[in-house]
Amino acid sequence: MRITSAGPGRITPPTPEKLKAQLAALDKKIAVAAKALQDHKNTMMVSRYTPEGFQAATAKLKTLEQALAKLQSARERLVDGTKPGTATKPTPAALKRVIERHLKAGDLEFGAKAPRKEDILTRTEVTRHPFTYEAIVLKSDPTKVIIKKTLTGGFVPAKPGDGTFSKPVPLSP
């Protein structure tokens, strides 16, 4: 018998029926969590608590609110993921790593045209005296980053519109 290593399997997107079933299940869980939260709030309104009891009830309230928020964000992710052309935002930490990586390598080419404000998906700043670097991700291509370099440590403060932009660089190495 011959054993071969398994390569990466084929990734198939979920069917619309499966997505609808997941969405219906999440909606049921959200309804149950919202009812539990409201019931607990109603109980807290009419109850008299000792300081320890109030602390425990408040802690339970916070956990119920967090559980409901998790379910609602999972639903939003599911709904957003089903829309065609939706871009996922890179995290600020990932953008800071991109800036640090390119500053260390010194491979940025500045002089590109500034993007329009309505095309920007997200932005993150990093200050390295005397400059401030800003990573800008566009809605049209969330896999690339434009880095803006602005002199902020001089005698004259930076004005809106100051700075120079790099050519798009890849988000991941």
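Reader: What makes the largest pocket a pocket rather than a cavity, and about how much space lies in it?

Author: On a 1 Å grid over the protein atoms alone, a cavity is a set of points where a 1.4 Å probe fits but cannot get out, whereas a pocket is an open set with protein on both sides within 12 Å along at least five of seven lines. The largest pocket holds about 180 Å³ of space, a volume understood as the space filled by probe spheres set on the points, with grid points joined across faces, edges and corners. This is a predicted model, in which local features need pLDDT of at least 70 and side-chain atom pairs count only at pLDDT 80 or more, while totals for chains, interfaces and linings use all residues. Residues are numbered from 1 along each chain as its sequence is written, and side-chain values use heavy atoms, with hydrogens and water left out.

Reader: Which residues line the largest pocket, and how do they divide into nonpolar, polar and charged?

Author: A lining residue has an atom within 4 Å of a point, and the lining consists of Ala-114, Pro-115, Lys-117, Ile-120, Arg-123, Glu-134, Ile-136, Lys-148, Gly-161, Asp-162 and Phe-165. Two elements, β2 (120–128) and β3 (131–138), give two or more residues to this lining. Ala, Val, Leu, Ile, Met, Phe, Trp, Tyr, Cys and Pro count as nonpolar, Asp, Glu, Lys and Arg as charged, and the others, Gly among them, as polar, and on that basis the lining divides into 5 nonpolar, 1 polar and 5 charged residues.

Reader: How many helices and strands does the protein chain have, and what makes a run count as one or the other?

Author: Helices (H or I, at least four residues) and strands (E, at least two) are DSSP runs, numbered from the N terminus. The protein chain has 3 helices and 6 strands, and along the sequence these follow the pattern α-α-α-β-β-β-β-β-β.

Reader: Why is Leu-37 called buried or exposed?

Author: Buried means under 20% relative accessible area, exposed over 50%, and partly exposed in between (1.4 Å probe, protein chains only). Leu-37, which is found in helix α1 (residues 16–46), has 8% relative accessibility and therefore counts as buried. Leaving out residues up to four places away in sequence, Leu-37 touches Leu-61, Leu-64, Glu-65 and Leu-68, where contact means heavy atoms within 4.5 Å. The C-alpha atoms of Leu-37 and Glu-65 are 6.8 Å apart in space, although the two residues are 28 apart in sequence.

Reader: Why does Leu-61 count as buried or exposed, and which residues does it touch?

Author: Leu-61 has its place in helix α2 (residues 51–82), and because its relative accessible area is 16%, Leu-61 is buried. Beyond residues up to four places away in sequence, Leu-61 touches Leu-37, His-40, Lys-41 and Met-44.

Reader: What makes a set of residues a nonpolar core, and which residues have the most contacts inside the largest one?

Author: A nonpolar core is a set of buried Ala, Val, Leu, Ile, Met, Phe, Trp, Tyr and Cys residues joined through side-chain atoms within 4.5 Å. The largest has 13 residues, and those with the most contacts inside it are Leu-95, Ile-99, Val-145, Ile-147 and Val-169. At least two residues of this core come from each of α3 (92–105), β2, β3 and β4 (144–151). Apart from it lies another core, of 12 residues, including Leu-37, Ala-57, Leu-68 and Leu-71.

Reader: Why is Thr-122 called buried or exposed, and why is Thr-150?

Author: Thr-122, found in strand β2, counts as buried because its relative accessibility is 17%. Leaving aside neighbours within four places in sequence, Thr-122 is in contact with Lys-89, Pro-90, Leu-95, Ala-135, Ile-136 and Val-137. Thr-150, in strand β4, has a relative accessible area of 11% and is therefore buried. Outside the four neighbouring places in sequence, Thr-150 has contacts that include Pro-130, Phe-131 and Asp-162.

Reader: Which peptide bond joins His-129 and Pro-130, cis or trans?

Author: Most peptide bonds are trans. His-129 and Pro-130 are joined by a cis peptide bond, with omega about 10 degrees, and Pro-130 lies in the loop between β2 and β3.
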